[in-house]
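Work through the exercises below with the sequence and the model at hand. Each task is followed by a solution in steps.

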Amino acid sequence: MTITKGKKAKLTLDGQELDLDVVVGSEGEHGIDISKLRAKTGYITLDEGYGNTGSCTSDITFINGEEGILRYRGYRIEDLCEQSSFTEACYLLLHDRLPSSEQMKTFSRLLNQHSLLHEDMRHLFSAFPHDAHPMNILGTMVNAMSSFYPNVDSLSMRESIDLTAARLISKIRTIACYAHKKNTGDPIVYPQKDYNYCENFLNMMFWSPVNNYELKPDRVRALNTLLILHADHEQNCSTSTVRLVGSSQANLYASISAGISALWGPLHGGANQAVLDMLNAIQTEGGDIQRFIDRAKDKTDNFRLSGFGHRVYKNYDPRATILKKMCMNILEEEAAQQPLLDIALRLEAAVLKDEYFVSRKLYPNVDFYSGLVYMALGFPTNMFTVLFTIGRLPGWIAHWKEMVQAPAKIGRPRQIYTGKQEQQYIKIEDRG
Ligand code: ACO
């Protein structure tokens, strides 16, 4: 952790002057430390949506939203997508360094060993209705893992955290594929030890006794890239949820399950499914993109263009740049999906010229093109957010680990109360 202090911010309040420490991170980001503010003045700060609030310091991921920079543990997302694999990115996020070949072999072996689900967990799948959303199944099953698998019971035991992490990263992919098979009614496919992480994922998703799914290297590569791109994004809604739940010393499975619920929302990870629904709706309604843009600008209409805008990026999301390129390459071979790609490209071009979006710095985000790539790989739309979840899992675990290994406080924001002042209790028979 590299933090420097020195500079002070001055706050004048009720005639009193207060010096506040200024904390500077390793990339020059500045924060005013207000942790003693209430004790010294009786005041708190108010920041709805936490747009200006740093909840922690963290060594994991650096984002510069103005310049469109994203790095995990110092490594550029562009380099990782081009040269690394998802499992190597997992190792990097969890251990703060790239693995040696020996460490990578051991980690892969661990993932392989833990890829199966306890057979009793299969009964839980049968209890869901056949059309249950796979995100719902995923969150439930990850929570149930607390009962089926030993937990991180001693936070000082590093090995136990690493084992639980490997178990989660490996099994979540098996759960996701079982959830999909539950939807389709097809027999489940077990993981195979000779396949790597993404090969196993694709095989468990798409192989069936009547469809000998062929693993194509470009598809495996595309899936690796998609998962790397989603692997962490510092203190977003779901990661903050994982940290907040974990701060009560809830176990890792329970904390991750809460993160899955947060990610499911359409303003967060659910946006990738919403983008596809939107592109399909534009196509069905004759391809009139302007009508959708006008609706998004209309303040009396709740509709927003899914896949545009971001709390942190006020420039093109670097993940969207990588995905757009991948989308064009992959969709070249998929004639059936060309019309949706055309609509997406036309929509982006129109938005980037429109004063409403330009003045608010609303650019395509990671979800705008990811859905089209998922679709080209054969995933149904209800699996899109599940894919995001699998990608984001190592980041969540890395944050949980970072938090429990530091002397962390329970997360507990305050509020400004705006309700009624003290009321006199009236017995029910005396109320008018
Ligand atoms: N379409 C139309 N207008 C938008 C959009 C959009 N997609 N996004 C933001 N705006 C407008 C808002 O109406 C607001 O306008 P105003 O200043 O006139 O009131 C302004 O831009 C700022 O928007 P906020 O909601 O204040 O921005 P915030 O940072 O809180 O929200 C968010 C970011 C949630 C991503 C938002 O841009 C959005 O809803 N986008 C669509 C959903 C989406 O794509 N989500 C995925 C995000 S990426 C991720 O989670 C992986």
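The exercises cover the chain as a whole, its strands and its aromatic side chains.

This is a predicted model, in which local features need pLDDT of at least 70 and side-chain atom pairs count only at pLDDT 80 or more, while totals for chains, interfaces and linings use all residues. Residues are numbered from 1 along each chain as its sequence is written, and side-chain values use heavy atoms, with hydrogens and water left out.

**Exercise 1. Describe the chain by its overall values.**

Step 1. Take the secondary structure: the chain has 18 helices and six strands. Helices (H or I, at least four residues) and strands (E, at least two) are DSSP runs numbered from the N terminus.

Step 2. Compare the radius of gyration with the globule rule. The radius is taken over C-alpha atoms, and the rule is 2.2 Å times the number of residues to the power 0.38. For 432 residues a compact globule would have a value near 22 Å, and the 24 Å of the chain agrees with this. The C-alpha trace spans about 75 × 65 × 55 Å along its principal axes.

Step 3. Turn to burial, where buried means under 20% relative accessible area, exposed over 50% and partly exposed in between (1.4 Å probe, protein chains only). Buried residues are 48% of the 432 in the chain.

Step 4. Count contacts (heavy atoms within 4.5 Å). Of those with a separation of 6 or more, 70% are between residues 24 or more positions apart.

**Exercise 2. Trace the pairing of strands 1 to 3.**

Step 1. Two strands pair if DSSP finds at least two bridges between them. Strand 1 (residues 8-13) and strand 2 (residues 16-24) are antiparallel and share six bridges; L13 is bridged to Q16 in strand 2.

Step 2. Look at the turn: this hairpin has two residues between its strands, and D14 there has a positive phi of about 50°.

Step 3. Continue to strand 3 (residues 30-32), which is joined to strand 2 by three bridges in antiparallel sense. V24 has H30 as its bridge partner. Five residues separate the strands of this second hairpin, where G28 has a positive phi near 80°.

**Exercise 3. Which strands stand at the edges of the open sheet?**

Step 1. Establish the order: three strands form the sheet as 4-5-6, with antiparallel pairing.

Step 2. Strand 4 (61-64) and strand 6 (75-76) each have a single partner strand, so one side of each lacks a neighbour in the sheet.

Step 3. Check one pairing: strand 5 (residues 69-72) and strand 6 are joined by two bridges, and R71 is partnered with R76.

**Exercise 4. Classify the aromatic pairs and locate their residues.**

Step 1. Rings of Phe, Tyr and Trp (its six-membered ring) pair if their centres lie within 6.5 Å; planes under 30 degrees apart count as stacked, over 60 as edge-to-face and the rest as tilted. The count comes to 14 aromatic pairs.

Step 2. F308 and F357 have ring centres 6.5 Å apart and planes at 55°, so this pair is tilted. F308 is in the loop between helix 13 (289-297) and helix 14 (318-331) and F357 is in helix 16 (residues 355-359), so the pair ties together parts 49 residues apart in sequence. F308 is buried at 11% relative accessibility, and F357 is buried at 3%.

Step 3. Y374 and F379 form an edge-to-face pair, with 6.4 Å between centres and 75° between planes. Y374 is buried at 0% relative accessible area and F379 at 3%. Both belong to one aromatic cluster with F201, F206, Y213 and F384.
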